[in-house]
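Please look through the structure shown here, alongside its sequence. The paragraphs that follow take its parts one after another.

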Amino acid sequence: MTAERTRRSEKIQMFDDVAKLLVGAGYIYFVSYKGLKSKEFSDFRNDLAKCEAECHVLKNRLIRKVAEANGMDALAGLKLTGDTAVIVGKGDAGQVAKVIETFMKSTKDLIAPKAGFYDGALLSKNDVLAIAALPSKDALRAQLLGLLNAVPTGLVRVLNAKVSSIVNVVNAYKNKLEKEAN
């Protein structure tokens, strides 16, 4: 009876740990890794850690049960099969998607996205790859700043052009008057 209680408490602890992991995540990516060597998987995890993301191998059934228990309905309906690595984090989801895409290319599709979960919505494999194709947050911020800076600069140029054209007309009129006076 004691061994059974111990196993049950271990399962409850594992369920709680996975719940903390999934419920507290800003994004979740699911990838297959079948055929990947342990060294490659370790390198993959290290690159994810640089992006402040964690990679865990979890049972598909456990993921579904945690999602059901925590009101993550879209995730609970996801049918995961085969080997699944779960990538979670709170930082830039785009950077992590880029790491997945890079490893997908370098390992000849041994690592491949299965799905994702972001802001309560389920993401397809293609959605994950589309996120990887987006510019980084810093690049998007720089583009936005450039756009915001371009508007006042353009306005100043237009206003300067109008003022200088008025000055040119007045100056030409003054020169005409001076010639007529001579």
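In which strand is S32 found? The residue belongs to strand 1, in a model that is predicted. S32 has a relative accessible area of 19%, and because the limit for a buried residue is under 20%, S32 counts as buried. Leaving aside residues up to four places away in sequence, S32 is in contact with D83, L110, I111, A112 and K114.

Strand 1, residues 27-32, also takes part in the packing of helix 3. That helix covers residues 60-69, and N60, L62, I63, V66 and A67 are buried in it. These buried residues span an arc of only 165 degrees around the axis, so they sit on the same side of helix 3. A general rule of helix geometry is useful here. An α-helix has 3.6 residues a turn, and therefore residues three or four places apart point the same way. Turned away from the buried side of helix 3 is a face that carries R61 and A69, both exposed.

What do the buried residues of helix 3 pack against? Their partners are helix 1 (2-23), strand 1 (27-32), helix 4 (73-76) and strand 3 (85-89). After helix 3 comes G71, which has a positive phi, near 70 degrees.

The aromatic rings are the next topic. Searching the whole structure gives four aromatic pairs. One of them joins Y33 and F41, with ring centres 5.2 Å apart; the planes meet at 45 degrees, so this pair is tilted. Y33 has a relative accessibility of 17% and therefore counts as buried. F41 is buried too, with a relative accessible area of 11%.

Another pair is formed by F44 and F103. Here the centre-to-centre distance is 5.1 Å and the angle between the planes is 65 degrees, an edge-to-face arrangement. Where do the two rings of this pair lie? F44 is part of helix 2 (residues 38-50) and F103 is part of helix 5 (residues 93-106), so the pair ties together parts that are 59 residues apart in sequence. Both F44 and F103 are buried.

The pairs can also be read together. Y33, F41, F44 and F103 are linked by ring pairs into a cluster.

Key: Residues numbered from 1 in each chain as written. Predicted model: local features only at pLDDT ≥ 70, side-chain atom pairs only at ≥ 80, totals over all residues. Heavy atoms only, no water. Phe/Tyr/Trp six-rings, centres within 6.5 Å; stacked < 30°, edge-to-face > 60°. Buried < 20%, exposed > 50% of the residue type's maximum accessible area, 1.4 Å probe, protein only. Helix = DSSP H or I, 4+ residues; strand = E, 2+ residues; numbered from the N terminus. Arc of directions from axis to C-beta. Contact = heavy atoms within 4.5 Å.
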